[in-house]
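Colleague: I should like to go through the wording used for this model and hear the reasoning behind each term. Please set each value against its cut-off.

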Amino acid sequence: MKKPAAFQEKAACGYLGFFLKLVPFNPQEPMPKNYPIRKSFKILHQTYKDYQNKKSRLTHLQKTQIEALLKTLEKNLFQKDRREASKNAQNLEKLSAVFLKKSFFERGLHFLTSLGIALVIAIVIRQMWFENYTIPTGSMRPTLKEKDFLVVSKTNFALNKPLFKGHFYFQDQLLKHGDIITFTTADMDIPDSDYLYFYLFPGKKQYVKRLIGKPGDTLYFYGGQIYGINSEGKPIEAFQNEAYLSQIEHLPFIRFEGRFLPFEEGFLILQAGQPLVKIQGSQARLFSQDPCIKDYYQLMGIEHYALSQIIRNSQGLCLLFTHHPSIEKVIFEKDLFGAPKPVLATEKSWLPLDEKHLKILFQHLTTCRFNVQDGYGFRLGGAPSDFSPFLGSAIPNGTYEFQDGQAYQINLLGIATKVKPSHPLAQYSQELAVTLYNLGIEMHTFYAHENSPLK
């Protein structure tokens, strides 16, 4: 015959009382604080799951104890009785620690399962929805600077395949000239592009750049401006109409000599991946068939630019300009590894400088973001070395930059704040002006005039 419900409840309470007597009580210990309703509910939910998994291994007495306490806690939560719910939740925790304790294998399996689920969710979110980036270099200055933090949406015009190259769909018509995009280096001629996602899955490094050209576009650079015709033969108006594009100086090259590619008969000079010059021995030939282009410096808009350094000669300080690289004379020098490399002849011009000129240059300085440690400067993300330029012992350790002559200090979140006029980095000196002008982009004494291959 089934016992009355009241008798069952009384028996369950008796079992519970018996269990609680087994738990040692220390009057010196403070009474536990009341749990919030939410925490008590979590304990009820987790204990019920554990009980269902281990139910078959428990004795009748153990099952009765746990079930009674589960029902009591459920009733407390339904009535929103925080005090009683907290007391029974804590009792349930103690009961679980004795009867529902997980084995080492169960804990390990639970950890691995949780880690696997979290990893899958992270991969799907990072590869298909959004991803955060920290800018490592200043190649996108002034739009993006070193240490800037970005959150990038990955669903605006495409849906990526997680951990695989390609997309489930791709709407290229939504891409506009001037958009800032991220892309991988897959199938691109970029060195050191391999990367491990989550230190487990092989992939390619990702870059953040501005979209300038689309398939079928024809682009032309002149005087720091960019012009173009799209695949339909119409002018790309965004280059002149969008303020943020027209105010940015566009350089289609990084260095005069571009990238050297050796082959059996000599070397090729490439700019933006396109071969422009073929060098065999001391002879060089242009690939261009345009009769108006007579020399290398007329390509890629290079004739409109010069490399400048402040040097000291017999007449004092002067601004040295190196410009107009030519194929009329090719010489060979050794690179850092001792291998021969061709160097194109250049023209040089000098402009005398006085203190007034130096102050004007200092008031318009722009540098990379750099760290200062014990007076020596080095690029953000790098480390001090024997090639770090000395900036001044009075400059406090920290991260700094110059933008249009204004010195800024960069905090841990990458936020720039103006330094006070009394700050040592904001104080003009001839030595500091020359050092920052010559080395403010790379923070490496290899580019000082006495060491530079351009001297």
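Colleague: Which residues of helix 9 are buried?

Modeller: The model is a predicted one. In helix 9, the buried residues are Leu432, Ala433, Val434, Thr435, Leu436, Asn438 and Leu439. Helix 9 is mostly covered, since 7 of its 10 residues are buried, where buried means under 20% relative accessible area.

Colleague: What covers the buried residues of helix 9?

Modeller: The cover includes helix 8 and four strands: strand 15 (306-313), strand 16 (316-334), strand 18 (370-373) and strand 20.

Colleague: Why are helix 8 and helix 9 called oblique to each other?

Modeller: The axes of helix 8 (residues 355-362) and helix 9 (residues 430-439) lie 10 Å apart and make an angle of about 55 degrees. An angle under 35 degrees would count as roughly parallel, and 65 to 115 as roughly perpendicular. The value falls in neither range, and helix 8 and helix 9 are therefore oblique. Their crossing is left-handed. On the side of helix 8, Glu355, Leu358, Leu361 and Phe362 make the contact, and on the side of helix 9, Gln430, Leu432, Ala433, Val434, Leu436 and Tyr437.

Colleague: How do the residues of that contact divide into nonpolar, polar and charged?

Modeller: The contact of helix 8 with helix 9 has 8 nonpolar residues, 1 polar and 1 charged. Glu355 is in the contact and counts as charged because Glu belongs to that class.

Colleague: What makes helix 2 roughly parallel to helix 4?

Modeller: Helix 2 (residues 37-54) and helix 4 (residues 82-99) cross at roughly 30 degrees, and their axes come within 9 Å. Angles under 35 degrees count as roughly parallel, so helix 2 and helix 4 receive that term. This crossing is left-handed. Ile37, Ser40, Ile43, Leu44, Thr47 and Lys54 of helix 2 meet Arg82, Ala85, Ser86, Ala89, Leu92, Glu93, Ser96 and Phe99 of helix 4. These residues divide into 7 nonpolar, 4 polar and 3 charged.

Colleague: Why does Thr185 count as buried?

Modeller: Thr185 has a relative accessibility of 1%, and the cut-off for buried is under 20%; Thr185 therefore counts as buried. Thr185 is found in the loop between strand 5 (180-184) and strand 6 (194-197). Beyond four places in sequence, Thr185 touches Ile190, Ser193, Lys204, Lys205 and Tyr207.

Colleague: What joins the side chains of Thr185 and Ser193?

Modeller: A polar contact of 3.5 Å joins these two side chains. The term applies because the cut-off is a pair of N or O atoms within 3.5 Å.

Colleague: Is Ile135 buried or exposed?

Modeller: Ile135 has a relative accessible area of 8%, which is under 20% and therefore buried. Ile135 lies in the loop between strand 1 and strand 2. Its contacts beyond four places in sequence are with Leu144, Lys145, Glu146, Lys147, Asp148, Leu150 and Val208. Ile135 and Glu146 are 11 residues apart in sequence, with their C-alpha atoms 5.1 Å apart in space.

Colleague: What is noted about the phi of Lys147?

Modeller: Phi of Lys147 is near 80 degrees, a positive value in a residue other than glycine. Most residues other than glycine have a negative phi. Lys147 also lies in the loop between strand 1 and strand 2, and at 22% relative accessibility it counts as partly exposed. Met443, in the segment after helix 9, has a positive phi of about 50 degrees and is not a glycine. Met443 is buried, with a relative accessible area of 4%.

Colleague: Which peptide bond is cis?

Modeller: The bond from Arg141 to Pro142 is cis, with omega near 5 degrees. Most peptide bonds are trans. Pro142 is placed in the loop between strand 1 (130-134) and strand 2 (149-153).

Colleague: Why does Asn397 count as partly exposed?

Modeller: Asn397 has 46% relative accessibility. Buried means under 20% and exposed over 50%, so Asn397 counts as partly exposed. Asn397 is in the loop between strand 19 (376-379) and strand 20 (398-403). The side chain of Asn397 reaches the backbone nitrogen of Asp374 at 2.8 Å. Asn397 and Val372 are 25 residues apart in sequence and 5.0 Å apart in space, C-alpha to C-alpha.

Technical notes. Residues numbered from 1 in each chain as written. Predicted model: local features only at pLDDT ≥ 70, side-chain atom pairs only at ≥ 80, totals over all residues. Heavy atoms only, no water. Helix = DSSP H or I, 4+ residues; strand = E, 2+ residues; numbered from the N terminus. Buried < 20%, exposed > 50% of the residue type's maximum accessible area, 1.4 Å probe, protein only. Polar contact = N/O pair within 3.5 Å; in protein donor to acceptor, adjacent residues only side chain to side chain. Contact = heavy atoms within 4.5 Å. Axes fitted to C-alpha atoms, helices over the stretch in contact; angles between N-to-C directions. Parallel < 35°, antiparallel > 145°, perpendicular 65-115°, else oblique. Left-handed = near helix turned anticlockwise from the far one by under 90°.
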